[in-house]
Amino acid sequence: MAIPPASRYDRCPCTGHYERRAVEVRMTVEGTPVLLEGVEQSRCPLCGSRVYRAVVLEAIEDVMRARGLPEAHA
Ligand SMILES: [Zn+2]
């Protein structure tokens, strides 16, 4: 899975302006389907590239980290 750096999610390198919208992101973490709803995604109408905000990437990493830990939380 390749996600471009989200440091610049207002304007695309191709000069297009990203359109923001909420989407559902489905992924599989260690064989377990995970669904994130209301994920803010920016999409360039010119070249079709898509990026996620940094906070979204952090949320995804949290999910992956939580799945990878064997009952670490009380
Ligand atoms: Zn673009």
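The following dialogue concerns the reading of a predicted model of a single chain.

Colleague: What should be settled about numbering and confidence before the model is read?

Modeller: Residues are numbered from 1 along each chain as its sequence is written. Because the model is predicted, local features need pLDDT of at least 70 and side-chain atom pairs count only at pLDDT 80 or more, while totals for chains, interfaces and linings use all residues. The score pLDDT is the predictor's confidence in each residue, from 0 to 100. Here the chain averages 79, and 78% of the residues score at least 70.

Colleague: Which elements make up the secondary structure of the chain?

Modeller: Elements are DSSP runs numbered from the N terminus, helices being H or I runs of at least four residues and strands E runs of at least two. This chain has one helix and three strands, in the order β-β-β-α from the N terminus. Of these elements, E1 has the highest mean pLDDT, 87, and helix H1 (residues 54–68) the lowest, 78.

Colleague: How are the strands arranged in the sheet?

Modeller: Two strands pair if DSSP finds at least two bridges between them. In this model the three strands form an open, antiparallel sheet in the order E1-E2-E3. E1 and strand E3 (50–52) each have a single partner strand, so one side of each is left without a neighbour in the sheet. Neighbouring strands are turned by 45° against each other on average, direction ignored; for such angles, axes are lines fitted to C-alpha atoms (for helices over the stretch in contact), and values run from 0 to 180 degrees between N-to-C directions.

Colleague: How many bridges join E1 and strand E2, and how many join E2 and E3?

Modeller: E1 and E2 (residues 32–43) pair over ten bridges, and E2 and E3 over three. Between E1 and E2, Arg26 has Leu35 as its bridge partner, and Arg21 stands opposite Gln41. Gln41 also stands opposite Tyr52 in E3.

Colleague: Where do positive phi values occur in the hairpins and in the segment before E1?

Modeller: Most residues other than glycine have a negative phi. In the hairpin of E1 and E2, with two residues between the strands, Glu30 takes a positive phi near 50°. The hairpin of E2 and E3 has six residues between its strands, and Gly48 in that turn has a positive phi of about 80°. Thr15, a residue other than glycine, has a positive phi near 85° and is found in the segment before E1.

Colleague: Is Cys14 buried or exposed?

Modeller: A residue is buried if 20 or more other C-beta atoms, placed from the backbone, lie within 10 Å of its own, exposed if 12 or fewer, and partly exposed in between. Cys14 counts as exposed because it has 10 such neighbours; Thr15, with 9, is also exposed. Buried residues make up 8% of the 74 residues in the chain.

Colleague: Which residues does Cys14 touch beyond four places away in sequence?

Modeller: Contact requires C-beta atoms, placed from the backbone, within 7 Å. Cys14, in the segment before E1 (19–29), touches Cys44, Leu46 and Cys47. The C-alpha atoms of Cys14 and Leu46 are separated by 7.7 Å, although the residues are 32 apart along the chain. Among contacts between residues at least 6 apart in sequence, 52% join residues at least 24 apart.

Methods: Contact = placed C-beta atoms within 7 Å.
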